[in-house]
Every structure is written in structure tokens, then in C-alpha cells.
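Okay, thanks everyone, let's get going. I'll put the model up and then walk you through the part I spent the week on.

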Amino acid sequence: MPSESAASISNIVKIWQEFEAGQTLESRFVQDLDKVELLLQMVEYEERNEGTVDLSEFAYLAEKVHLQDVKPWAVEILERQKRFWEGLPLAQMKMRDTTGGLMRRLQDNYYETSA
């Protein structure tokens, strides 16, 4: 039984390393899905909070999607976000911070080293 556990752990580590390296089509697909899922969470959270929360600092992750088959999903989510914010009163739209700033630099650093 212990050898089965060790083999399972070894297999999980191997799969994780493949994901982190991003050298296979499957690992790049999963990395892109991770970014798309974050974008979707961003928009759903903004909508659920009726525009009182602005998470647009994460929108640039759409630029980090690599596979051509996945890019349209990211674009569609950003279009949904744009429609949502355009439907709000002007006063709410002015509260948005779209400068990027520190969060953008931190995200760039993370995604440059893991992609």
C-alpha cells in the first residue's frame, strides 16, 4: 500500500510540474482556463455587487491568454464587463480605477514567471 501512495504522490507532482512549466498543449490550456475563470469571477463579482466593487485591475489577464481557441472567451467576458459598467450611472463609472498600478506589476511578475 505505501508504494501505491508514493506513486500517486509522484504522479501528482509530475502533473503539477507539467502545468507550471506550460510546455504541453494541455498545460497551456489549463493555464488559460485558469485566467478565463478569474476573469469570469471578476465580472460576476462586480455584477453581484451592483458596481460598488471595481475589479478591472484583473481585466488585463485577457492579454495573457495564449491559445487562439481560448482568446474569444476572454474577449467575450471583457465585453460583458464593458456592457455592465456602461449601463451604470456616470457617477459610478467615474469611481473606477483603471490605471493598473501595483496590482498590475505584481500580476505581470507572477504570470511572466509561470507562463
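**A helix pair and the loop between**

So, let me start with a residue out in the open: E50 comes in at 60% relative accessibility, so E50 counts as exposed. Keep in mind that this is a predicted model. E50 sits in the loop between α2 and α3, and it follows α2 with a positive phi, near 55 degrees. Most residues other than glycine have a negative phi. E50 isn't a glycine, and its phi is positive all the same.

Okay, zooming out for a second. The chain has five helices and zero strands, so if you read along the sequence you just get α-α-α-α-α. Of its 115 residues, 30% count as buried. And if you take the contacts with a separation of 6 or more, 67% of them are between residues 24 or more positions apart.

Now the helix pair. How are α2 and α3 arranged relative to each other? Helix α2 covers residues 25-48 and helix α3 covers residues 71-86, and they pack at an angle of about 10 degrees with their axes 10 Å apart. That angle makes α2 roughly parallel to α3, since anything under 35 degrees counts that way.

Who's doing the touching? On the α2 side the list includes F29, L33, V36, L39, L40 and M42, and on the α3 side you've got, among them, W73, I77, L78, F84 and W85. Sort the residues of that contact by type and you get 13 nonpolar, one polar and four charged.

Quick check on α2 itself. With 24 residues at 1.5 Å a residue, α2 should span 34 Å, and the end C-alpha atoms are 34 Å apart, so that agrees. The buried residues in α2 include S27, Q31, D32, K35 and E46.

That last one is my favourite, so let's stay there. Is E46 buried or exposed? Buried, because its relative accessible area is 0%. So what does a glutamate side chain do in there? It reaches the backbone nitrogen of L55 at 2.7 Å, and a polar atom of the E46 side chain also lies 3.4 Å from the backbone nitrogen of S56. If you leave aside neighbours within four places in sequence, E46 is in contact with G51, V53, D54, L55, S56, Q81, F84 and W85. And E46 is on the list of α2 residues that meet α3, too.

Back to the loop between α2 and α3, with two more residues. A59 is in that loop, and at a relative accessible area of 15% it counts as buried, because the cut-off is under 20%. Beyond four places in sequence, A59 touches L39, M42, L78 and Q81. A59 and V75 are 16 residues apart in sequence, with their C-alpha atoms 9.9 Å apart.

Then there's L67, also in the loop between α2 and α3. L67 has 16% relative accessibility, so L67 counts as buried as well. Its contacts, again skipping neighbours within four places, are L25, R28, F29 and D32. L67 and L25 are 42 residues apart in sequence but 8.8 Å apart in space, C-alpha to C-alpha.

So, to recap the loop: E50 is exposed, while A59 and L67 are buried. That's what I have, happy to rotate the model if anyone wants a look.

Conventions
Residues numbered from 1 in each chain as written. Predicted model: local features only at pLDDT ≥ 70, side-chain atom pairs only at ≥ 80, totals over all residues. Heavy atoms only, no water. Axes fitted to C-alpha atoms, helices over the stretch in contact; angles between N-to-C directions. Helix = DSSP H or I, 4+ residues; strand = E, 2+ residues; numbered from the N terminus. Parallel < 35°, antiparallel > 145°, perpendicular 65-115°, else oblique. Contact = heavy atoms within 4.5 Å. Nonpolar A, V, L, I, M, F, W, Y, C, P; charged D, E, K, R; others polar. Buried < 20%, exposed > 50% of the residue type's maximum accessible area, 1.4 Å probe, protein only. Polar contact = N/O pair within 3.5 Å; in protein donor to acceptor, adjacent residues only side chain to side chain. Expected span 1.5 Å × (residues − 1).
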